[in-house]
Amino acid sequence: MQATTLKGKTALVTGSTSGIGLGMAKAFAAQGSNLIFNGFGDAREIEALQTSVKQEYGVQVAYHNADMSKPSEIEAMMRFAEEKFGGVDILVNNAGIQYVANVEDFPVEKWDAIIAINLSSAFHTTRLALPSMKRKNWGRIINIASAHGLVGSVQKSAYVAAKHGIVGLTKVTALENAHTGITCNAICPGWVLTPLVQKQVDARAAQQGISVEEAKKGLVAEKQPSGEFVTPEQLAGLAVFLCSDAASQVRGAAWSMDGGWTAQ
Ligand code: NAD
């Protein structure tokens, strides 16, 4: 793969205080990109995270606390990006939550929150990032979908609907910008052991009366032929590739990194 440098670019990774988003943010900083962190967490830890990334990679780092379920806060974050960095060059729509229940038991407020955070937020950031990307005729929009953007699983109606939706949004955004230097692609991870999945592991261990280690193995084995978790670092490697010149004709793809889950 061709070496890539993102020096002078600005990356906004939503939900980058944890898990996959944090892995991606660090990988972009390692390529020289300035960074805007977003996501919830302890204020002091977020401050320390910014300082350590700034020191380690010598890039400019900022943080915006927009709640991705609220369009007005997303608008404020995008204005902040415009004022501080002259816009966002690399937009990673990653913030996401999960909730599991059968459709007839699914709490309406959980449905609304999942659609807002996992799907609508990407519409808002994308519509607000595109004008400056178009001015520069360069941009990379990476939507973190899921294997659940391609196939379903029981008890995940809102999540599966949102992730299928974001794959659709990816295709349309890619097509509308196909004649420009702006690409839009989705990454579809399988199981990644982040706090979002740890909750499901813990619930499984409690339900089945098994150890957390056994629950982890069972969860992965059910879906992923490799029997292994995908890591945030592996996903970050793919995201960095999608930002390279070598990937400039990858447009509208839903790229799986799922240990074989959706090959079955
Ligand atoms: P995580 O829980 O570790 O991180 C989620 C991030 O989103 C955190 O930074 C959190 O603060 C932020 N967030 C949540 N709600 C928010 C809100 N309203 N506003 C702003 N930020 C908010 O989860 P993760 O596993 O790293 O998930 C990241 C993305 O990857 C999600 O979109 C998820 O659906 C997707 N994904 C995860 C897996 C997996 O197995 N972990 C698999 C496929 C896809």
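## Strand β6 and its partners

In this predicted model, A186 of strand β6 stands opposite A254 in β7, and this position belongs to a parallel pairing in which β6 and strand β7, residues 254–257, are joined over four bridges. Strand β6 also pairs in the parallel sense with strand β5, residues 139–144, here over six bridges, and within that pairing I142 stands opposite N185 in β6. The connection from β5 to β6 involves helix α5, residues 157–176, and the three elements make a right-handed β-α-β unit.

## Burial of β6

How many of the eight residues of strand β6 are buried? The strand, which spans residues 182–189, is mostly covered, with eight of its eight residues buried. In a regular strand, side chains alternate between the two faces of the sheet. For β6 both faces are covered: I182, C184, A186 and C188 are buried on one side, while T183, N185, I187 and P189 are buried on the other.

## Helix α8 against the strands

Helix α8, residues 232–242, is mostly covered as well, with eight of its 11 residues buried. These are P232, L235, A236, L238, A239, V240, F241 and L242. Against which elements do the buried residues of α8 pack? Their partners are helix α1, residues 19–30, together with β5, β6 and β7, and two of these strands, β6 and β7, pair with each other in the parallel sense.

## Aromatic pairs

A search of the whole structure finds three aromatic pairs. One of them is formed by Y99 and F106, whose rings lie 5.6 Å centre to centre with 85° between the planes, an edge-to-face arrangement. Y99 is partly exposed, having a relative accessible area of 29%, whereas F106, at 10% relative accessibility, counts as buried.

Another pair is made by W191 and W261, with ring centres 5.8 Å apart and planes at 35°, so the arrangement is classed as tilted. Because W191 lies in the loop between β6 and α6 (195–208) and W261 in the segment after β7, this pair ties together parts that are 70 residues apart in sequence. Both W191 and W261 are buried.

## Lysines over aromatic rings

Two lysines are placed over aromatic rings. K9 lies over the face of W138, at 4.0 Å from the ring centre. For K84, the charged end sits over the ring of F85, 5.7 Å from the centre of that ring.

Note on methods
Residues are numbered from 1 along each chain as its sequence is written. This is a predicted model: local features need pLDDT of at least 70, side-chain atom pairs count only at pLDDT 80 or more; totals for chains, interfaces and linings use all residues. Side-chain values use heavy atoms; hydrogens and water are left out. Buried means under 20% relative accessible area, exposed over 50%, partly exposed in between (1.4 Å probe, protein chains only). Helices (H or I, at least four residues) and strands (E, at least two) are DSSP runs, numbered from the N terminus. Two strands pair if DSSP finds at least two bridges between them. A crossover is right-handed if, with the strands pointing away from the viewer, the path from the first strand over the helix to the second runs clockwise. Contact means heavy atoms within 4.5 Å. Rings of Phe, Tyr and Trp (its six-membered ring) pair if their centres lie within 6.5 Å; planes under 30 degrees apart count as stacked, over 60 as edge-to-face and the rest as tilted. A charge sits over a ring if NZ of Lys or CZ of Arg is within 6 Å of the ring centre and within 35 degrees of the ring normal.
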